[in-house]
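Here is a short report for someone meeting this structure for the first time. Look at the strands, then the helices, then one side chain.

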Amino acid sequence: MEITVLAYLEPDDKEPDIAVRQVAAGLAERGHKTSILTIRHDLNELIEGLKQRKPQLVFNLVESFGDDIMGGVIGVAGVLDLLQIPYTGGGPGEIFLQEDKALTKKLLAFEGIRYPDFATFPADANFETGGNLRMPLFVKPLRMDASIGIDEKSLVRNTQQMMERVLYIQRTFGDAALAEEYIEGREFYVGVMGNGELVAFPPIEMDFSGLKEGSLKVMDSSAKFDEKSDRFHGTKAVIAMIEPELKAKLQKASIDAYRALRVCDYGRVDLRLTETGEVYVIEVNASCYLEEQSEFATAAGGHGIPYPELVERIAELAVERWKHRSRAQKRRKKARTAAAATG
C-alpha cells in the first residue's frame, strides 16, 4: 500500500517524534511505500499534502492541532472523513467519547466495568459527581493525555488540597479538573488490537521498586519523560509474571473497556489491582503511543508480534474496517434510493 504517516509538529519541533519515524520505517520494512506528512496549524497544509501524496491509507498519529487539543484532533479526523481517505484509529465521534475522561467513566458504568468514583470541576460550570468520593483523591486534567498535568502533587488528602489542585489545573491548562478516588495497588497495562475479533496482549506491569521510599507510585510526566529525574530511572515496565487466572481477569476487563469506548484498530487499557483482587480501569488509551520500546509494542513482542509486523497489522485492520464501512454505506444508499422510488 501507499501509506502516509500523519503527525503534528509543535512550533518548536524540527522533526517528528521518534515513534512517527519508527512507524514509517516499520511499514517500509514490510514492503509498503511510506511517506511522512507533518502539519502544524495550517489546514490547507494538511489537505494539500494529502492531495499530493494520494495515499491509500493514512496512519494517523496526530495528537493535537491548533489551540484546542481535543477539538483539533477531532477536526483532523473529520477532514480525513470528508476527503474519504481511510485512516487508522477512531473517527470524530469515537475520539470525542475517548478524550473526555468523565464521559469515558459513564460508558464504563453502563457496561458494568469497575472504575474509580470521580467528580469533575469545569471552570465555567458546577461540578458533577460520579459516586461517593473518599480521600485520598487523584486530581488531573479532564482531557489531557501523556500525563500532562500529573505530578506528585496530584494526590490530595483533604478538601483544601483538592481545590488548590483543581484551580491549578483550570488556570494552567484551561481544562476542567477530574478528581477520582485513588486506587492503591499494582498497575498494569494491557494492549488490545482488533475491531470485530479482539486480541489482548500479555499484561505489562509497572515496576515502581526503584522509587524513593514514600514516592507516589504513578507514571507522572517526570517518570515518563524527564530522563534526568529519579522518577524516570526508578520506574520500568516489565511483562507481568502473574498466574493465568489473574492474566485472564486483566485481559477480560481490558477487552470489555476497549469495546465500551468504541476503540478502533488498537489501544492500551491502564488498570489498577487492589490487594483484595479488585480490578479498576483507570484509562483507555485509544491509538496509544507506538514507539518501539513502548508498553504496547513490548506487549505485542511478548505475544510474538515483532514491531514491523505490528504496525502493518494495524494498517491492515484499518483498511478492512474501511472496506466494511464502504459496503455498509452503499447498502444504506441503495435502501434510501429504493424507499424514495416506492414513495
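Strand E1 (residues 2–8) and strand E2 run parallel, joined by 7 bridges. Within this pairing, Ala-7 of E1 stands opposite Thr-38 in E2. The model is a predicted one.

**The sheet**

E1 and E2 belong to an open sheet of 3 strands. The order is E2-E1-E3, and the pairing is parallel. Strand E2 (33–39) and strand E3 (57–60) form the edges. Each of these edge strands pairs on one side only. From one strand to the next, the twist averages 25 degrees. Helix H11 packs on this sheet and touches E1 and E3. The direction of H11 makes about 120 degrees with that of E3.

**Helices against H11**

H11 (residues 307–341) also meets helix H1 (residues 18–29). Their axes come within 8 Å and cross at roughly 90 degrees. H1 is therefore roughly perpendicular to H11. On the H1 side, the contact is made by Ala-19, Gln-22, Val-23, Gly-26, Leu-27 and Glu-29. On the H11 side stand Tyr-307, Pro-308, Val-311, Glu-312 and Ala-315.

Helix H10 (residues 295–302) packs on H11 too, at an angle of about 105 degrees. The axes of H10 and H11 are 10 Å apart. An angle of 65 to 115 degrees counts as roughly perpendicular, so H10 is roughly perpendicular to H11. Phe-296, Ala-297 and Ala-300 of H10 make the contact with Tyr-307, Leu-310 and Ile-314 of H11.

What kinds of residues make up these two contacts? The table gives the classes.

| Contact | Nonpolar | Polar | Charged |
|---|---|---|---|
| H1 with H11 | 7 residues | 2 residues | 2 residues |
| H10 with H11 | 6 residues | no residues | no residues |

Tyr-307 of H11 takes part in the contact with H1 and in the contact with H10.

**One arginine**

Now turn to Arg-231. This residue is found in helix H8 (residues 230–233). Is Arg-231 buried or exposed? Its relative accessible area is 7%. The cut-off for buried is under 20%, so Arg-231 is buried.

Which backbone oxygen lies 2.8 Å from a polar atom of the Arg-231 side chain? That oxygen belongs to Val-218. Val-218 is also among the residues that Arg-231 touches, leaving aside those up to four places away in sequence. The others are Glu-152, Leu-211, Ser-215, Leu-216, Asp-220, Ser-222 and Ala-223.

Notes: Residues numbered from 1 in each chain as written. Predicted model: local features only at pLDDT ≥ 70, side-chain atom pairs only at ≥ 80, totals over all residues. Heavy atoms only, no water. Axes fitted to C-alpha atoms, helices over the stretch in contact; angles between N-to-C directions. Helix = DSSP H or I, 4+ residues; strand = E, 2+ residues; numbered from the N terminus. Parallel < 35°, antiparallel > 145°, perpendicular 65-115°, else oblique. Contact = heavy atoms within 4.5 Å. Nonpolar A, V, L, I, M, F, W, Y, C, P; charged D, E, K, R; others polar. Pairing = 2+ DSSP bridges. Buried < 20%, exposed > 50% of the residue type's maximum accessible area, 1.4 Å probe, protein only. Polar contact = N/O pair within 3.5 Å; in protein donor to acceptor, adjacent residues only side chain to side chain.
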